Amino acid sequence: MSGTITELNATVGSVCAGTVATIQNTDALVLEVTLASDDVPTLSVGMNCLITSDATGEAEIPGTLVQIDPVANDQGTFGGKIRVTGSDSGLLIGVQAKAEIIRSAVENVFTVPLDAVGENADGSNYVLRKTGGEGTDMTFEEVPVTTGESNDYYVVITGDTLAEGDVIRSSADLTEGIESTDSETANDPTQDIAMPGMGGDMGSGAEMGTMPGGDRPDGNGGRAPGGM
């Protein structure tokens with residue numbers, strides 16, 4: 001096999017016994033992960049993944065789920081393997097890494113925090129769009145929206161009057177996010193509508209972005225061995 005010798009247990013002239021050398025393919029790294037039992041029914045081989053590691057900083061390295069063990073271990077969790085597909089990932093054999101498995105994704109959509117969406121008595125949904133003022137004098141209008149896919153933090157919304165740059169209140173409950181004091185100061189309860197991707201702070205001004213649908217189960221911990 002081709003690869004890199006990562007361990008050598010013999011010298012020239014010695015009698016070979018047991019493992020003489022270990023050869024690993026550093027160009028085909030695989031991350032061994034632990035999967036929670038309640039996540040396994042929703043996962044399938046071939047799903048895209050995002051791998052992160054302290055060794056590579058904030059970079060998100062693409063990968064593919066290539067194996068899910070059919071039997072749970074003694075801890076009631078399942079083993080799995082994720083093949084690193086990104087070139088020049090910076091990952092090294094034996095480093096600790098973590099992976100997020102993307103069940104589904106939608107692109108070019110508006111997303112807001114879950115709490116930003118309110119529900120009317122008839123079951124329809126709305127968000128509160130800022131119309132003017134600052135602090136406790138802010139004014140808002142209800143904008144009808146239809147909700148789509150969501151994860152643990154954000155939900156996709158659509159509406160005929162939504163536009164990039166709209167400032168949406170981060171909570172549809174007008175009693176939340178305002179703290180009146182003697183000096184009549186207040187916390188800013190607004191968030192810009194939409195964001196690309198998941199996590200992080202809301203961007204300045206609305207953007208069309210990509211949001212993975214559903215929650216993204218973690219492949220908890222693991223090491224990246226060479227090959228499979």
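**Strands, cores and salt bridges in a predicted model**

Asn108 makes a good starting point, because its relative accessible area of 54% places this residue among the exposed ones. Three classes are used here: buried means under 20% relative accessible area, exposed means over 50%, and partly exposed lies in between, with a 1.4 Å probe and protein chains only. Asn108 belongs to strand S8, which covers residues 104-113. Although Asn108 is not a glycine, its phi is positive, at about 55°.

The structure is a predicted model, in which local features need pLDDT of at least 70 and side-chain atom pairs count only at pLDDT 80 or more, whereas totals for chains, interfaces and linings use all residues. Residues are numbered from 1 along each chain as its sequence is written, and side-chain values use heavy atoms, with hydrogens and water left out.

The overall picture comes next. The protein chain has 16 strands and 0 helices; both kinds of element are DSSP runs numbered from the N terminus, with helices being H or I of at least four residues and strands being E of at least two. Of the 228 residues in the protein chain, 33% are buried. The accessible surface of the chain comes to about 12800 Å², and carbon and sulfur atoms account for 46% of that surface. Such areas come from the Shrake-Rupley method with a 1.4 Å probe, and for residues only the protein chains shown count as cover. Contacts, meaning heavy atoms within 4.5 Å, often reach far along the sequence: among those in the protein chain between residues at least 6 apart, 60% join residues at least 24 apart.

The interior can be followed through its nonpolar cores. In soluble globular proteins, nonpolar side chains tend to be buried together. A nonpolar core is a set of buried Ala, Val, Leu, Ile, Met, Phe, Trp, Tyr and Cys residues joined through side-chain atoms within 4.5 Å. The largest of these cores has 19 residues, and the members that touch the most others are Leu31, Leu35, Ile51, Ile82, Leu91 and Ile101. At least two residues of this core come from each of strands S3 (30-35), S4 (48-52), S5 (61-68), S6 (78-84) and S7 (98-101). Another core, of 11 residues, lies apart from that one and includes Val112, Val127, Val155 and Ile157.

Ala172 offers a close-up of one long-range meeting point. This residue sits in the loop between strand S13 (167-169) and strand S14 (190-192), and counts as buried because its relative accessibility is 12%. Ala172 and Gly118 are 54 residues apart along the chain, yet their C-alpha atoms are separated by 5.1 Å. Gly118 is also one of the contacts of Ala172 beyond its neighbours within four places in sequence, together with Asp115, Ala116, Val117, Tyr126 and Leu128.

Charged side chains add further links. A salt bridge is a side-chain nitrogen of Lys or Arg within 4 Å of a carboxyl oxygen of Asp or Glu, and by this rule the model holds 4 salt bridges. In one of them, Arg129 pairs with Glu141, with the closest N and O atoms 2.9 Å apart. Arg129 lies in strand S10 (residues 125-132) and Glu141 in strand S11 (residues 139-150), so this pair ties together parts that are 12 residues apart in sequence. Glu141 is partly exposed, because its relative accessible area is 34%. Arg129 also forms a salt bridge with Asp166, where the closest N and O atoms are 3.0 Å apart. Asp166 is in the loop between strand S12 (154-158) and S13, so its pairing with Arg129 in strand S10 ties together parts that are 37 residues apart in sequence. Both partners, Arg129 and Asp166, are buried. A further salt bridge joins Lys130 to Glu134, with 3.0 Å between the closest N and O atoms. Lys130 is partly exposed at a relative accessible area of 25%, whereas Glu134 is exposed at 55%. Through shared partners, salt bridges link Arg129, Glu141 and Asp166 into one network.

Cysteines form no such links: a disulfide is a pair of cysteine sulfur atoms within 2.5 Å, and the count by this rule is 0. Cys16 is exposed, with a relative accessible area of 56%, whereas Cys49 is buried, at 2% relative accessibility.
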